[in-house]
Amino acid sequence: MTHHAKLSTLLRSAVLSGCFIFSLAALPAYAMSDEEKGYEIAKKSDLSDSGFKDHKVSMKMILRNAQGQETTRDMRFSVKEVPNMDKGDKSLIIFDAPADIAGMALLSHTNILEADHQWLLFPESGKVARISSKNKSGSFAGSEFAFEDFTSQELNKYKYKFLRQEACPNVPSLTCDVVERFPLYERSGYSRQIGWTDTQDFQTRKIEFYDRKNDLLKTLDFLKYKKYDDKYWRVHLMKMDNHQTKKSTDLVYDAYSFDNGLDDKDFVKGVLGTLY
Amino acid sequence: MKRILPLTCLAALAAFIPSPHESAQAGTWRIGGYTALEARAFTQDHKWAAQSDNLDLSLIVTPEFRYKSDDRTHRINFIPYLRANNVDAERSHGDLREAFYMYRGDEIELLAGANKVFWGVTESQHLVNIINQTDLIEDPDQEDYLGQPMVQIASQRDWGKISAYLMPYFRERTLTGEDGRLRAALPYDTQSNPTYESSAEEWHTDMALRYSHYIGDFDIGLSYFSGTSREPTFNITPRGELRPHYGLINQFGLDLQYTTESWLWKFEAIGREGMGDKFAAAVGGFEYSFYQLFESDLDLGLLLEYQYDGRDTSKSPITTANNDIFAAARLAFNDTQDSEILAGFTIDHETQDSFINLEAETRLGDNYQIELRARFIVGADQGEELYDFARDDYIQLRLARYF
């Protein structure tokens, strides 16, 4: 039964869906404090991605150690949008590789105020188990991503401060708003983050993460954005570099498919046993 | 191989059920599985006559074939399992772990063939988990199961999932041969058939019902089983062997988990009638996790469970989990190899005989996994439950290649 914790470690993340909310909509012209400006704009951008109903995507996670040695994990995601603003989205992650964890699956019901609900399928035994969602700053699947990098993207989990405008990192032809945000939820591994969001499509281009001692810990670059259905921007390459350990993780996404007709029945505990 | 014949028939049947959308549905096949080499070394000489002291070596092959139609309505799984062993002829055996066809519609799910079904939440014991027979010869920890032929109908509703099972054929428990370690003082009668309470013997139709759902931080399961007991009693034959006997039982089961912050609180209980007097049994406890121990990547889980069983073992099948405390620690390294260690013990607080268990595993490269298991029995005096196995401490190393 050692598989239990191993699987839970690997799968405890919620939505690895590639939609980070760190974007600012157009800056309002009237006078606001930098804090109000940051919050209002983040709120607007939070809504800008809504309405996609569901999406599916396959992804490869490439883990690199300080010596540059690579290991990879393959997984598939389905996400169903929940219209109710008091509830987060529902997601399902199924691992395909490494082969010894193929079929392992995680179902997540994200909640804004309460703890998330998460269940794991252990394919070898057929066991479905509820797991704790408390671990925020731990590594996701041995990668340089922390659980909170995926699960704590809701607007009200931070307070914000507008810093400046400058040319976007990674896309110098675009202008970016630079906003600092401070986690309000407990047990975060970060003191603050700084995000760059372009003023044209309102997509996040880069985030810097500072540890609790306020030293630069990680940099996340967002590359290869594509627009679907003329509405939804999705990132296809995320590169996380840890400046303290010199390790890095790439997330490489395949093409997304939207509006697959997924409903709540595809995201209930009882469906896990029918997947593999 | 006679044991897996009925399963093969069912599987063959399942594979030819026509799909209503066959022309439109290409679907995908996934082929996987693993082969493994396993070495088990006992640290003491044997206790009972005819047992072997040789290094116990096994080769395991288990390919996996899985089909899913593009609209996910139809599925076929075919997973045979084979073990060849150098010491115990009984341990060289085969099984169909899974061989089923499954239909998943909007309102109902239908499954026909051999499958594994897991119910329950606790770590040290799987009290309510009754559908599948224990493949005991694989591992004394009773966490390996034989594929169970069944027809299952299930429906997912807003208020939970209801499943009904009809099981037309009974799988007898696999038991150690005369040469093998980890057996009782008298050898098992593995040559003749077991005896049954039902005149239909292994063809008695067993049935089961299951309800499972969650409410907030609680997960709940209710179950009912009526049919042939998965646990045997033993009668001594004129040749001085233990011949298994399987009676008919009815069993209610309850499993409950409360998940909050770093705590998982777990409870399972059963009430059973048949094969002796009515009795109840329960197991409950918690798992508490410390995440990122000392600011490292390590997670440490502490587990504690208590096992109670009210059965009279002079009439009912024997259990070791009657007044026992289970304690364990689980260390997850959160590295790219998914390394993990589980160490724990189960102690009978009346007799003090205890079972110590150590499991460790890590991945080598992308496709290999190496696993260490060590089991020790301590303080088992004559007349106590673990006495027959008192010299069967062992260390086991397993290298698996996944494909």
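Start by selecting everything in chain B that touches chain A: 54 residues of chain B are in contact with 47 residues of chain A. Keep in mind as you go that this is a predicted model.

**Stop 1: the interface as a surface**

Show the surfaces of both chains. The size of an interface is often given as the accessible area lost when the parts come together. Here chain A and chain B bury about 4,500 Å² between them, and carbon and sulfur atoms account for 44% of that area. Now pick out B:Phe118, B:Tyr214 and B:Tyr291 as sticks. Together these residues supply 12% of the area that chain B buries against chain A, more than any other three residues.

**Stop 2: charges and polar pairs**

Stay at the interface and colour by residue class. How many salt bridges cross between chain B and chain A? The count is 8. For one to look at up close, select B:Arg30 and A:Asp96, whose side chains meet in a salt bridge with 3.4 Å from N to O. The interface of chain B and chain A also has 26 residue pairs in polar contact, with both partners at pLDDT 80 or more. On the side of chain B that touches chain A, your colouring should show 29 charged, 14 polar and 11 nonpolar residues.

**Stop 3: the cavities**

Next, turn on a cavity display. There are 8 cavities of 30 Å³ or more, and the largest has a volume of about 690 Å³. Which residues come closest to the centre of this largest cavity? Select A:Gly126, A:Val128 and A:Gly273 from chain A, then add B:Val117 and B:Phe118 from chain B; these are the closest of the 38 lining residues. You have met B:Phe118 already, as one of the three residues that supply 12% of chain B's buried area against chain A. By class, the lining of the largest cavity divides into 16 nonpolar, 12 polar and 10 charged residues.

**Stop 4: the disulfide**

Finish in chain A by selecting A:Cys168 and A:Cys176. Their sulfur atoms lie 2.1 Å apart and form a disulfide. A search of the whole structure finds 1 disulfide over all chains, so this is a simple stop to locate. Look along the S-S bond of A:Cys168 and A:Cys176: the angle about it is 100°, and the link is right-handed.

Methods: Residues numbered from 1 in each chain as written. Chains lettered and ligands numbered in written order. Predicted model: local features only at pLDDT ≥ 70, side-chain atom pairs only at ≥ 80, totals over all residues. Heavy atoms only, no water. 1 Å grid on protein atoms, 1.4 Å probe; cavity = no way out; pocket = protein on both sides within 12 Å on 5 of 7 lines; lining within 4 Å. Points joined across faces, edges and corners; volume = space filled by probe spheres on them. Nonpolar A, V, L, I, M, F, W, Y, C, P; charged D, E, K, R; others polar. Contact = heavy atoms within 4.5 Å. Buried area = accessible area lost by both parts, 1.4 Å probe. Salt bridge = Lys/Arg side-chain N within 4 Å of Asp/Glu carboxyl O. Polar contact = N/O pair within 3.5 Å; in protein donor to acceptor, adjacent residues only side chain to side chain. Disulfide = S-S within 2.5 Å.
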